[in-house]
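Here are my notes on the model you sent. I take the charged pairs before the nonpolar packing.

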Amino acid sequence: MTSAPFTFHLHPSPIGEVLIVSGADGIVTLHPLRDDLSASLSGLEHQLDAALAPDDTTATARAAGAQLDEYFAGERTDFDLPLDWRLVRGFTLDALQAVCRIPYGETAGYGEVAIDAGRPRAARAVGTACATTPFSIVVPVHRVVRADGSLGEYGGHPEIKRFLVDLERDRPVAGE
């Protein structure tokens, strides 16, 4: 395992702590911490073949934390953060980039995202991409819903998905 070119930071939010891992090329992962921190970090170290060091002073970690706070306060509708897509490959990348085009406060079905990503018959693959994304919130996978309009699981935490969808639908953006 190489030295620690990647750092991690836990940022408090209304949905629990958000794990932010960043490196020289941007944010490698950003998602609500669902598991034990040490287990999450160990898995990421294995995927990255590098050690992770705690650090909340990097410009990327500070920017991500500030933008998350603005989002939860209803002051931000999209994120302007450098994302390092190294953990994402193939159609998953296409699907997640299509997810980024779903407007704030709106939802789209898995099939709609598959069409936008260039593979109209790949709705299940979009579901897998959303379930395995290293980025949530900043890549708004919470905006992707089932064909019948129901929300779905969101990594086994449908209450978080409901919170995020409701936040966007119920809170007008400041200045609008």
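1. This is a predicted model. Start with D166 and R162, whose side chains meet in a salt bridge, N to O at 3.1 Å. Both residues belong to helix α6. They sit four residues apart, about one turn of the helix. D166 is partly exposed at 26% relative accessibility. R162 is partly exposed too, at 38%.

2. How many salt bridges does a search of the whole structure find? The count is six. The D166 and R162 pair is a salt bridge within one helix. Two further pairs deserve a look, and they follow below.

3. R76 bridges to E70, with the closest N and O atoms 2.8 Å apart. Is R76 buried or exposed? R76 counts as buried because its relative accessible area is 18%, and the cut-off is under 20%. E70 has a relative accessible area of 26%, so it falls in the partly exposed class.

4. R86 and D84 also pair through their side chains, again in a salt bridge, at 2.8 Å from N to O. Here the acid is the buried partner: D84 has a relative accessible area of 7%. R86 is partly exposed, at 34%. The pair does not stand alone. D25, D84 and R86 are linked in a network of salt bridges. Please inspect these three side chains together.

5. Now the nonpolar packing. In soluble globular proteins, nonpolar side chains tend to be buried together. The largest nonpolar core in this model has 38 residues. Which members touch the most others? They are V126 and I137. Several elements each supply at least two residues of this core: the strands β2 (18-23) and β3 (26-32), and the helices α2 (59-72), α3 (90-99), α4 (110-116), α5 (123-132) and α6 (158-170). Helix α3 gives the most, with five residues. Helix α6 therefore appears twice in this note, as a contributor to the core and as the site of the D166 and R162 pair.

6. A second core is separate from the largest one and has ten residues. Among them are F6, L41, A50 and L52.

7. Back to I137 and its contacts. Leaving out residues up to four places away in sequence, I137 touches I15, V18, P32, L68, Y71, F72, F79, H142, Y154 and L164. Several of these can be placed on the elements listed above: V18 is at the start of β2 (18-23), P32 at the end of β3 (26-32), and L164 within α6 (158-170).

Definitions and conventions. Residues numbered from 1 in each chain as written. Predicted model: local features only at pLDDT ≥ 70, side-chain atom pairs only at ≥ 80, totals over all residues. Heavy atoms only, no water. Core = buried A, V, L, I, M, F, W, Y, C linked by side-chain atoms within 4.5 Å. Buried < 20%, exposed > 50% of the residue type's maximum accessible area, 1.4 Å probe, protein only. Contact = heavy atoms within 4.5 Å. Salt bridge = Lys/Arg side-chain N within 4 Å of Asp/Glu carboxyl O.
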